[in-house]
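User: I have a model open and would like to go through its helix packing. Can you take a look with me?
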Amino acid sequence: MIERLTIERGSGNVFLDIEFSPEEAQNLQLRSQLTSSIERFVKRNRMTQTEAACALGVTQPRLNALLKGKIDQFSLDALVNMHAHAGMRVEMKVKKAA
């Protein structure tokens with residue numbers, strides 16, 4: 001017997017889709033985007049974790065936690081500060097929720 005799958009259109013925020021509160025989902029999405037940006041920075045510059053940690057103003061174990069996806073250990077402030085320390089600028093857009 002073949003089971004039928006139901007497909008639902010996502011909201012555009014995976015955290016909201018897996019039933020985090022709207023506030024927490026938005027915060028997690030922003031932290032996830034900033035984390036991805038840091039991962040790209042490290043890869044693009046072909047840095048070791050030690051070199052990248054120095055450029056980002058954190059310790060290597062702290063960067064390692066971030067690169068392993070432990071975004072719950074990082075505030076938005078900490079992630080923005082890491083970007084700034086490495087000479088990057090973070091921009092944010094605020095708009096009315098859909």
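Analyst: Yes. This is a predicted model. A starting point is H5, whose buried residues pack against helix H2 (22–44), H3 and H4.

User: Which residues of H5 are buried?
Analyst: Leu 79, Met 82 and His 83. They span an arc of only 100 degrees around the axis, so they sit on the same side of H5.

User: And what is exposed on the other side of H5?
Analyst: Asp 77, Asn 81 and His 85 are exposed there.

User: Back to His 83. Why does it count as buried?
Analyst: Because its relative accessibility is 3%, and the cut-off for buried is under 20%. His 83 belongs to helix H5, which runs over residues 76–85.

User: What does His 83 touch?
Analyst: Leaving out residues up to four places away in sequence, His 83 touches Leu 34, Ser 37, Ile 38, Met 88 and Val 90.

User: Same thing for Leu 79: which residues is it in contact with?
Analyst: Setting aside neighbours within four places in sequence, Leu 79 contacts Arg 31, Leu 34, Thr 35, Ile 38, Leu 66 and Phe 74.

User: Now the core. Which residues of the largest nonpolar core touch the most other members?
Analyst: The core has 13 residues, and the ones touching the most other members are Ile 38, Leu 56, Leu 63, Leu 66, Leu 79 and Met 82.

User: Which helices supply this core?
Analyst: At least two residues come from each of H2, H3, H4 and H5. H2 gives the largest share, with four residues.

User: Different topic. How do the axes of H3 and H4 cross?
Analyst: The axes of helix H3 (residues 49–56) and helix H4 (residues 60–67) come within 8 Å, and the crossing is at roughly 100 degrees. H3 is therefore roughly perpendicular to H4.

User: Which residues make the contact?
Analyst: On H3, Gln 49, Thr 50, Ala 52, Ala 53 and Leu 56. On H4, the residues are Gln 60, Leu 63, Asn 64 and Leu 67.

User: How do the residues of that contact divide into nonpolar, polar and charged?
Analyst: Five are nonpolar and four are polar, with no charged residues in the contact of H3 with H4.

User: Last one. What phi does Gly 87 take, just after H5?
Analyst: Gly 87 has a positive phi of about 85 degrees.

Key: Residues are numbered from 1 along each chain as its sequence is written. This is a predicted model: local features need pLDDT of at least 70, side-chain atom pairs count only at pLDDT 80 or more; totals for chains, interfaces and linings use all residues. Side-chain values use heavy atoms; hydrogens and water are left out. Buried means under 20% relative accessible area, exposed over 50%, partly exposed in between (1.4 Å probe, protein chains only). Contact means heavy atoms within 4.5 Å. Axes are lines fitted to C-alpha atoms, for helices over the stretch in contact, and angles run from 0 to 180 degrees between N-to-C directions. Angles under 35 degrees count as roughly parallel, over 145 as roughly antiparallel, 65 to 115 as roughly perpendicular and the rest as oblique. Ala, Val, Leu, Ile, Met, Phe, Trp, Tyr, Cys and Pro count as nonpolar, Asp, Glu, Lys and Arg as charged, and the others, Gly among them, as polar. The arc is that of the directions from the helix axis to the C-beta atoms. A nonpolar core is a set of buried Ala, Val, Leu, Ile, Met, Phe, Trp, Tyr and Cys residues joined through side-chain atoms within 4.5 Å.
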